[in-house]
Amino acid sequence: MIQLMFIVILSEMALILAFLFRTPFRKLVILGLDQIKRGRGPIVVKTVAGTVLVALMTSVYSIIKIKNSRIDKAAIVSPTDQVLMVKHLLEATLMGCSLFLALMIDRLHHYIRELRIRRKSMETIKKQNRGSEDGKASSLDEIKALENEIATSRTRLKQLESEIETKTKDVHTAESNVLALRKQSEGFLLEYDRLLEENQNLKNQLKSLDRKMSRSGSKKDS
């Protein structure tokens, strides 16, 4: 389960990195997501996300249950419970990161599509402005109408430019979040290795205790 979540997170991070750079792979990713969002794709994605969310809530419930059992018994948690609690905590963290990255991929895809639509609209408006400026009208009424149209188009251009700046800031924010999540995932990998080592040490300690108990029992029998 943990290894699968690491693979999912790394795949999602690779998709986000593909969004951030203009490469042929970026176009393939956008086309693939466009296809996924058509037909039954959204239903399947929502089903998978709901399943992961249920698993996340189950892990959180298990952590709370272990802590409550510790409070009820007023005793130190056994090594087995400690390992289980850490395992559930790591799984919950990985599933939360996976859901967050999936949401970020969806938002990045949406913003990139919006930017492409806005740019096409700007190009169309600029062509209309050039045609309007090149074509000189003979009457004053036509000149006034063209001036009003140009003023409206320029206002629209300014609005589109401000929207593009806002979307660009969102993309930069998403890039900083990706870098932060990359560092966090590296920390999770180190923590996972440390927990595996502690788990092995705990197993060795339990084996040594079992040997001592068996030796003391054999001495009493003799």
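Which helices each supply at least two residues of the lining of the second largest pocket? In this predicted model, the helices that do so are α1, α2, α4 and α5, the last of these spanning residues 140-221. The second largest pocket has a volume of about 520 Å³, and of the 20 residues that line it, Arg22, Arg26, Ile112, Arg116 and Arg119 are the closest to its centre. Helix α4 gives the most to this lining, with seven residues. By class, the lining of the second largest pocket comprises nine nonpolar, three polar and eight charged residues.

The largest pocket, for its part, has a volume of about 760 Å³. Its lining consists of 23 residues, of which Glu12, Ile36, Val45, Ala49 and Ala102 are the closest to its centre. At least two residues of this lining come from each of α1 (2-20), α2 (24-36), α3 (41-73) and α4 (79-134). Sorted by class, the lining of the largest pocket contains 15 nonpolar, four polar and four charged residues.

The packing of nonpolar side chains was examined next. The largest nonpolar core holds 29 residues, among which Ile9, Ile16, Phe19, Leu94, Leu101, Met104 and Leu108 touch the most other members. Helices α1, α2, α3, α4 and α5 are the elements that give two or more residues to this core, and the largest share, ten residues, comes from α4. When its neighbours within four places in sequence are left aside, Ile9 is in contact with Leu94, Cys97, Ser98 and Leu101. A second, separate core is made up of six residues, including Ile125, Leu157, Leu160 and Ile164.

A search of the whole structure for salt bridges finds six. One of the pairs joins Asp106 to Arg107, with the closest N and O atoms 3.1 Å apart; here Asp106 is partly exposed, with a relative accessible area of 26%, and Arg107 is likewise assigned as partly exposed, with a relative accessible area of 36%. A salt bridge is also formed between Arg118 and Glu114, for which the closest N and O atoms are 3.9 Å apart. Because Arg118 and Glu114 are four residues apart in helix α4, about one helical turn separates them. The relative accessible area is 25% for Arg118, which is partly exposed, and 22% for Glu114, which is also partly exposed. As the lower bound of the partly exposed class is 20%, Glu114, at 22%, is therefore not counted as buried. Glu114 and Arg118 are further linked with Glu163 in a network of salt bridges.

In helix α5, Glu198 forms a salt bridge with Arg194, and the closest N and O atoms of this pair are 2.2 Å apart. Glu198 and Arg194 lie four residues apart in α5, about one turn of the helix. Both members of the pair are partly exposed, Glu198 having a relative accessible area of 35% and Arg194 one of 37%.

Helix α4 thus recurs in several of these descriptions: it supplies at least two residues to the lining of the largest pocket, gives the most to the lining of the second largest pocket, provides the largest share of the largest nonpolar core, and holds both Arg118 and Glu114.

Technical notes: Residues are numbered from 1 along each chain as its sequence is written. This is a predicted model: local features need pLDDT of at least 70, side-chain atom pairs count only at pLDDT 80 or more; totals for chains, interfaces and linings use all residues. Side-chain values use heavy atoms; hydrogens and water are left out. On a 1 Å grid over the protein atoms alone, a cavity is a set of points where a 1.4 Å probe fits but cannot get out, and a pocket is an open set with protein on both sides within 12 Å along at least five of seven lines; lining residues have an atom within 4 Å of a point. Grid points are joined across faces, edges and corners, and a volume is the space filled by probe spheres set on the points. Ala, Val, Leu, Ile, Met, Phe, Trp, Tyr, Cys and Pro count as nonpolar, Asp, Glu, Lys and Arg as charged, and the others, Gly among them, as polar. A salt bridge is a side-chain nitrogen of Lys or Arg within 4 Å of a carboxyl oxygen of Asp or Glu. Buried means under 20% relative accessible area, exposed over 50%, partly exposed in between (1.4 Å probe, protein chains only). A nonpolar core is a set of buried Ala, Val, Leu, Ile, Met, Phe, Trp, Tyr and Cys residues joined through side-chain atoms within 4.5 Å. Contact means heavy atoms within 4.5 Å.
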